[in-house]
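Here's a walk through one chain, strand by strand and then helix by helix. Have the coordinates open as you read.

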Amino acid sequence: MKLKDIAPCNCAKWGSMHRFGSRDDYYSFVAKIKVLTSTGVMVKVQPPKGENPDCEYYFCNKCRRVWRIAEPDPPFRGYYQQVNVS
Ligand SMILES: [Zn+2]
């Protein structure tokens, strides 16, 4: 296995976030995701079966993980989490 195969890609390096500090934090995070989607590393996908349709879902072409982002709606702080897709 080559080093680049085991190195965490950006999507995983960020790790799960259980809340955003502020709405600005959320927007700057979404901007980072958009950079990856513009380069084709991540693609926006439809909500997997059984998942919350109000979240946004992104598939990472590098590590093949699916992530979901929930927009903050105070007092709810949103999140960024890996989705386990069977
Ligand atoms: Zn990834």
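Start at the hairpin: β2 and β3 form one, with five residues between them. In that turn, R64 has a positive phi of about 60 degrees. Bear in mind that this is a predicted model, so treat the angles and distances here as values computed from it.

The two arms of the hairpin pair in the antiparallel sense over four bridges. If you want to step along the ladder, F59 has V66 as its bridge partner in β3, and Y57 stands opposite R68 in that strand.

Now widen the view to the whole sheet. The sheet is open, with four strands in the order β1-β2-β3-β4 and antiparallel pairing. Which strands sit at the edges? Those are β1 (42-45) and β4 (79-83), each pairing on one side only. From one strand to the next, the twist averages 30 degrees. Here are the pairings side by side, each with a bridge you can look up.

| Strand pair | Sense | Bridges | A residue pair to check |
|---|---|---|---|
| β1 and β2 | antiparallel | four | K44 and Y58 |
| β2 and β3 | antiparallel | four | F59 and V66 |
| β3 and β4 | antiparallel | five | A70 and Y79 |

So much for the strands; next comes what packs on them. Helix α3 (residues 23-38) lies on the sheet and touches β1, β2 (56-60), β3 and β4. Its direction makes about 105 degrees with that of β1. The helix has 16 residues and reaches 22 Å from its first C-alpha to its last, close to the 22 Å expected at 1.5 Å a residue. Just after α3, G40 takes a positive phi of about 85 degrees.

A residue worth clicking on in α3 is V30. Is V30 buried or partly exposed? V30 counts as partly exposed, because it has 14 C-beta neighbours inside 10 Å, and a residue needs 20 or more to be called buried. Compare its position with that of N61: the two are 31 residues apart in sequence and 17 Å apart in space, C-alpha to C-alpha.

F20 tells another story. This residue is found in the loop between α2 (10-13) and α3, and F20 counts as buried because it has 22 C-beta neighbours inside 10 Å. What does F20 touch, leaving aside its neighbours within four places in sequence? Its contacts are D25, Y26, F29, P72, R77 and G78. F20 and F76 are 56 residues apart in sequence, yet 9.3 Å apart in space, C-alpha to C-alpha.

Then there's the core. Which residues make up the largest nonpolar core? It has seven: C11, I33, M42, Y58, F59, W67 and Y80. Several of these names have come up already: Y58 stands opposite K44, and F59 is bridged to V66. Y80 is a good one to centre the view on. Outside its neighbours within four places in sequence, Y80 is in contact with W14, S16, M17, F29, W67 and I69. Of these, W67 belongs to that core too, while F29 is also a contact of F20.

Finally, zoom out to the full chain. There are three helices and four strands, and from the N terminus on the elements run α-α-α-β-β-β-β. Among contacts between residues at least 6 apart in sequence, 39% join residues at least 24 apart. Buried residues make up 10% of the 86 residues.

As for overall dimensions, the C-alpha atoms fill a box of roughly 45 × 30 × 20 Å, taken along the principal axes. The chain has a radius of gyration of 13 Å, which agrees with the value near 12 Å for a compact globule with 86 residues.

Conventions. Residues are numbered from 1 along each chain as its sequence is written. This is a predicted model: local features need pLDDT of at least 70, side-chain atom pairs count only at pLDDT 80 or more; totals for chains, interfaces and linings use all residues. Two strands pair if DSSP finds at least two bridges between them. Axes are lines fitted to C-alpha atoms, for helices over the stretch in contact, and angles run from 0 to 180 degrees between N-to-C directions. Two residues are in contact if their C-beta atoms, placed from the backbone, lie within 7 Å. A residue is buried if 20 or more other C-beta atoms lie within 10 Å of its own, exposed if 12 or fewer, and partly exposed in between; C-beta atoms are placed from the backbone. The expected span of a helix is 1.5 Å times one less than its number of residues. A nonpolar core is a set of buried Ala, Val, Leu, Ile, Met, Phe, Trp, Tyr and Cys residues joined through C-beta atoms within 7 Å. The radius of gyration is taken over C-alpha atoms; the globule rule is 2.2 Å times the number of residues to the power 0.38.
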